[in-house]
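Reader: Could you take me through this model and show me how its descriptive labels are earned?
Author: Gladly! Let us look at it together.

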Amino acid sequence: MEQNSTMNRFHALDGIRGFAILLVVFNHINGTYIADAIPSWLGQIIFSSGVTGVSLLFVLSGFLMTYIYPNPQNGIHFLQKRYTRIFPLFLTSCAIMLMLREFPYLAWYWQLGVLVSFAFLTHSLWVYLIKPHASPQVKKSIFLGFILLQVLVGSFYLFWVMRHPAIVFNQQLPVVVREGTIGLVNGTLTLPLGDYIPMLEGVYWSLVSEVLFYILYPYVCVPIIRFLIPQKRWIKIAMLFALIPFFVGMDILSHKIFILSMLQLPICYYFVAGIVLGYLYKHHEEVIQKAHQLFPGALSSITIVIFLCLIFIKVFVLNTI
């Protein structure tokens, strides 16, 4: 995450982000041989905590958005920066996965060649052509064109594909139309609009929630924060407690309404938790500084111990419940 030059980088958050990424990566590899050589409780933490890792990344997103971009003046510009960070690499991954889907029996060296070729092509286009030579207006046009593509693909998916039985899409459409639709729906992240289209790679389900949060942040979250800032403390606390039944209700409805389940709206409470922490840190930073002065050197160790205790509780208590 980029930060203003006047801000110090949060190295502790980099450490938490790295820890969360490792949890996600280890959750998606076959760790049988390693798990057999270590205690079972340690194996459970290392190889079965992917959801915990994703949760930490969501909380970090909410925190950093609130701390670094507390009041984005232009929602379109804000989204353009977020899309620019995500979609070039993501579209490259989708193109690679689509190619491997169409040719599933390629030898490993050809698969490696596809990976390297697509990555090199994207890097060359972005670094040597678009980034240095495209004007701000051209970059904005590319972004708005992609937004329009999302709307068109989502509308096609919602109002045409899903109006027909799944057998029409899977067996009766021409191969080029079917595979092209799969590529476009995956590449534009319009997957939540239905269940006919398979994900090219299931591990990026969380990206849908992340992008949805980016869209909601300048248009929903920031206005609510602006409204609450001048309010009395008890009103802010009451608002936070009111979110508890709201998210519980969203969770119940997501089991009954398909599109809510696909949008993963109930997990937005992770982003809300990060927003609250970011707001508290930004507006009460002096409290943190005083704590550092009272416990010089020890505060970092204390927070690390607390963090590890919370991970232990999450894995062995909350998951069991």
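**Labels and the values behind them**

Author: This is a predicted model. A good place to start is where L280, Y281, K282 and H283 of α13 meet E285, E286 and I288 of α14. Sorted by class, the residues of that contact are 3 nonpolar, 1 polar and 3 charged.

Reader: Why are α13 and α14 called roughly perpendicular to each other?

Author: Helix α13 (residues 268–283) and helix α14 (residues 285–294) pack at an angle of about 75°, with their axes 4 Å apart. The label covers 65 to 115 degrees, so α13 and α14 are roughly perpendicular.

Reader: What makes α1 roughly perpendicular to α3?

Author: The angle again: helix α1 (residues 11–27) packs against helix α3 (residues 40–47) at about 100°, and their axes are 7 Å apart. That value makes α1 roughly perpendicular to α3. In this contact, L23, F26 and N27 from α1 meet I45, I46 and F47 from α3. By class there are 5 nonpolar residues, 1 polar and no charged ones.

Reader: Why is the pair of F63 and Y67 called stacked?

Author: Searching the whole structure gives 23 aromatic pairs. For F63 and Y67, the ring centres are 6.1 Å apart and the planes stand at 5°. Pairing needs centres within 6.5 Å, and stacked needs planes under 30 degrees apart, so this pair is stacked. Both residues lie in helix α4 (residues 50–68), 4 residues apart, about one turn of the helix.

Reader: How do you know that the span of helix α10 agrees with what is expected?

Author: Helix α10 (residues 205–228) has 24 residues, and at 1.5 Å a residue they should span 34 Å. The end C-alpha atoms are 32 Å apart, which agrees.

Reader: Where does α10 bend?

Author: At Y217, by about 65°, and a proline, P218, follows within four residues.

How values were computed: Residues are numbered from 1 along each chain as its sequence is written. This is a predicted model: local features need pLDDT of at least 70, side-chain atom pairs count only at pLDDT 80 or more; totals for chains, interfaces and linings use all residues. Side-chain values use heavy atoms; hydrogens and water are left out. Helices (H or I, at least four residues) and strands (E, at least two) are DSSP runs, numbered from the N terminus. The expected span of a helix is 1.5 Å times one less than its number of residues. The bend at a residue is the angle between axes fitted to the seven residues ending there and the seven starting there. Axes are lines fitted to C-alpha atoms, for helices over the stretch in contact, and angles run from 0 to 180 degrees between N-to-C directions. Angles under 35 degrees count as roughly parallel, over 145 as roughly antiparallel, 65 to 115 as roughly perpendicular and the rest as oblique. Contact means heavy atoms within 4.5 Å. Ala, Val, Leu, Ile, Met, Phe, Trp, Tyr, Cys and Pro count as nonpolar, Asp, Glu, Lys and Arg as charged, and the others, Gly among them, as polar. Rings of Phe, Tyr and Trp (its six-membered ring) pair if their centres lie within 6.5 Å; planes under 30 degrees apart count as stacked, over 60 as edge-to-face and the rest as tilted.
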